[in-house]
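Colleague: Could you give me one close look at how the helices are packed against each other here, and then follow the aromatic rings from there? I would rather have one connected account than a list.

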Amino acid sequence: MSSTLLEVTRGAHEDVERLERLVVREMQREPENGRDRLFQSHRVRHMIDLITATTDKLVEIYEDKDNARKDEIAALGGQGEFPYKKGMHGEDKVLTAFFERLKEIREYHKKNPSARVVDTDDAFEELLKEEPAIEFSGEEAFGRYLDMHELYNEFINSKFGTPMEYSSYVGTFSETDKIPPNLKSKQYKEYMEHVLEYLISFLERTQPLQDLVRIFAKIESDFEDNWDKGAVPGWENKGIENGPSVPESVIDLDYYSTVEELLEVGPEKLKEALAARGLKSGGTAQQRAERLFLLKHTPLEKLDKKHFAKGARNFNQNGIEQNSNKKEIALMEVKLRRLCELLKEVIVQTKENAEKKPTLTYEEMEAEREEEVVQADSESDEEEKTYNPLNLPMGWDGKPIPYWLYKLHGLGQKFDCEICGNYSYWGRRAFERHFKESRHQHGMRCLGIPNTKYFNEITSIQEARDLWEKIQEKQGINKWRPDLEEEYEDREGNIYNKKTFTDLQRQGLI
């Protein structure tokens with residue numbers, strides 16, 4: 001055989017390294033648009049799966065449960081069961097084993113000439129060129145929205161559901177705490193399974209690099225702790241409904257080590273404790289204590305049926321099964337909330353689309369669908385660089401404007417404005433327009449100067465302050481003087497200016 005176990009191991013390590021290099025190359029490439037980004041994620045996911053499968057084979061080889069690897073290494077060292085000649089030692093055995101192996105390899109390749117071709121990176125390069133087959137419904141719009149119409153119909157036609165619009169359902173389907181616990185039956189459990197199945201499928205198609213196995217493993221480990229503490233949201237301190245409940249006042253057997261100590265509690269409390277657990281409560285106090293003490297070392301579900309009251313054992317088993325179902329439902333709800341966190345943006349977009357869609361006509365919906373196709377095509381063409389050696393500004397169509405238009409508007413002229421924080425404006429029109437814009441007005445307010453027509457063409461802070469001082473000096477002649485122009489009236493109705501009124505008041509004449 002030419003393909004030995006050691007050669008298989010070496011080839012597997014080589015494949016893993018090649019796949020790792022391809023993953024790095026693919027992740028360093030900037031995707032052209034959203035569709036290409038999704039394809040890129042699926043290609044990387046496929047390569048990661050190949051790496052995982054190859055490493056699983058390597059682990060199985062290294063575990064060497066059948067000792068094949070150990071025997072092959074021993075044979076290479078001349079220690080295996082090989083028909084060596086008598087008197088051979090050490091190096092002679094190694095050389096004999098080597099030439100025998102070489103002979104096998106030559107015979108193998110002589111019979112199989114095509115096996116001489118050595119795999120190169122070309123075979124793996126095809127992984128970067130393939131376009132993954134991803135299926136989306138028309139409503140999902142290639143992963144932009146959720147398609148939950150079947151789940152919506154299942155919800156509104158169930159006992160636990162309420163009539164509502166589809167858009168309202170999309171926004172509230174994760175709020176499971178609003179559903180009463182007594183309605184969370186087998187039908188509700190099946191509904192939750194369908195919701196989780198769809199969300200997981202959608203997430204695997206739109207976010208293939210999410211490690212759902214690790215996410216769910218962490219959720220389940222945290223859930224077990226919270227369930228034991230009674231801290232699961234929506235299921236705080238929930239007991240077994242319609243099943244046997246044990247009051248807090250019932251006897252705690254951990255504090256009692258013998259039946260005699262349990263007898264001191266009294267026959268009435270013993271009877272109450274036995275009835276709470278579904279056990280027979282008759283007989284003497286000694287019999288009651290012995291029957292209750294059995295629970296100290298034996299679980300209630302494993303107790304002999306002769307100790308239970310009539311019908312109580314089945315009653316208890318039903319309660320345990322109900323509790324198990326509720327635990328499963330609570331775990332599903334926790335997983336649902338986590339998946340909704342990962343799909344938060346998609347859920348918001350789906351709700352907005354569901355609210356907008358009923359208001360559109362058929363023609364408008366077709367036009368919107370065509371616009372999405374055109375937008376996807378235009379995004380794929382963005383990688384083509386526009387030829388613009390003069391660095392001309394872009395027009396409304398995304399192409400450089402003509403050079404004559406560039407010269408006509410003087411877009412090659414640069415104007416700096418110190419009041420605007422040394423902001424630069426290109427072209428005379430943009431420069432004249434900026435004096436009425438918010439940036440320049442804010443700069444003038446910071447200087448404490450009104451932004452009037454007198455300050456047009458003023459871009460220097462010092463020039464603006466000097467002009468404002470001159471304007472204030474000129475306006476000083478016509479400035480209002482309160483001492484002379486402010487009027488006061490006495491009790492007799494006589495009118496005086498402020499200065500005269502103050503003088504007469506000081507003399508006591510008024």
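Modeller: Helices α1 and α2 lie roughly antiparallel to each other in this predicted model. The reasoning rests on the angle: the axes of α1, which covers residues 5-28, and α2, which covers residues 34-63, cross at roughly 160° and come within 9 Å, and because angles over 145 degrees count as roughly antiparallel, the pair is placed in that class. The crossing of α1 past α2 is left-handed. On the α1 side the contact is made by Leu5, Val8, Thr9, Ala12, His13, Val16, Leu19, Glu20, Leu22, Val23, Glu26 and Met27, and on the α2 side by Gln40, Arg43, Val44, Met47, Leu50, Ile51, Thr54, Thr55, Leu58, Ile61 and Tyr62. Sorted by class, the residues of this contact of α1 with α2 come to 15 nonpolar, 5 polar and 3 charged.

Another helix pair to look at is α6 with α8, where α8 spans residues 186-206, the axes are 11 Å apart and the packing angle is about 165°. By that angle α6 and α8 are therefore also roughly antiparallel to each other, and α6 passes α8 in a left-handed crossing. Leu151, Glu154 and Phe155 of α6 make this contact with Glu190, Tyr191, His194, Val195 and Tyr198 of α8, and the residues involved divide into 5 nonpolar, 1 polar and 2 charged.

From α6 we can turn to the rings, of which the structure holds 19 aromatic pairs. One of these joins tyrosine 152 to tyrosine 166, with the ring centres 5.6 Å from each other and 80° between the planes, an edge-to-face arrangement. The link reaches between distant parts of the chain, since tyrosine 152 belongs to helix α6 (residues 149-156) and tyrosine 166 to helix α7 (residues 166-172), 14 residues apart. Tyrosine 152 counts as buried because its relative accessibility is 13%, which lies under the 20% cut-off for that term, and tyrosine 166, at 11% relative accessible area, is buried too. Tyrosine 152 also pairs with tyrosine 169, and here the centres are 5.6 Å apart while the planes stand at 55°, so this pair is described as tilted. With tyrosine 152 in α6 and tyrosine 169 in α7, that pair ties together parts that are 17 residues apart in sequence, and both of its members, tyrosine 152 and tyrosine 169, are buried.

These pairs belong to a wider arrangement, in which ring pairs link Tyr152, Phe155, Phe160, Tyr166, Tyr169, Phe173, Tyr188 and Tyr191 into a cluster. Among its members, Phe155 and Tyr191 also appear in the contact of α6 with α8.

Another part of the chain comes up against this region. Alanine 354, placed in helix α14 (residues 344-356), touches Tyr166 and Ser167, once residues up to four places away in sequence are set aside. The C-alpha atom of alanine 354 is 8.6 Å from that of valine 170, although their positions lie 184 residues apart along the chain. At 15% relative accessibility, alanine 354 counts as buried.

For the chain as a whole, the secondary structure amounts to 21 helices and 4 strands, and 30% of the 510 residues count as buried. Of the contacts between residues at least 6 apart in sequence, 54% join residues at least 24 apart.

Notes. Residues are numbered from 1 along each chain as its sequence is written. This is a predicted model: local features need pLDDT of at least 70, side-chain atom pairs count only at pLDDT 80 or more; totals for chains, interfaces and linings use all residues. Side-chain values use heavy atoms; hydrogens and water are left out. Axes are lines fitted to C-alpha atoms, for helices over the stretch in contact, and angles run from 0 to 180 degrees between N-to-C directions. Helices (H or I, at least four residues) and strands (E, at least two) are DSSP runs, numbered from the N terminus. Angles under 35 degrees count as roughly parallel, over 145 as roughly antiparallel, 65 to 115 as roughly perpendicular and the rest as oblique. A crossing is left-handed if the near helix is turned anticlockwise from the far one by less than a right angle, and right-handed if clockwise. Contact means heavy atoms within 4.5 Å. Ala, Val, Leu, Ile, Met, Phe, Trp, Tyr, Cys and Pro count as nonpolar, Asp, Glu, Lys and Arg as charged, and the others, Gly among them, as polar. Rings of Phe, Tyr and Trp (its six-membered ring) pair if their centres lie within 6.5 Å; planes under 30 degrees apart count as stacked, over 60 as edge-to-face and the rest as tilted. Buried means under 20% relative accessible area, exposed over 50%, partly exposed in between (1.4 Å probe, protein chains only).
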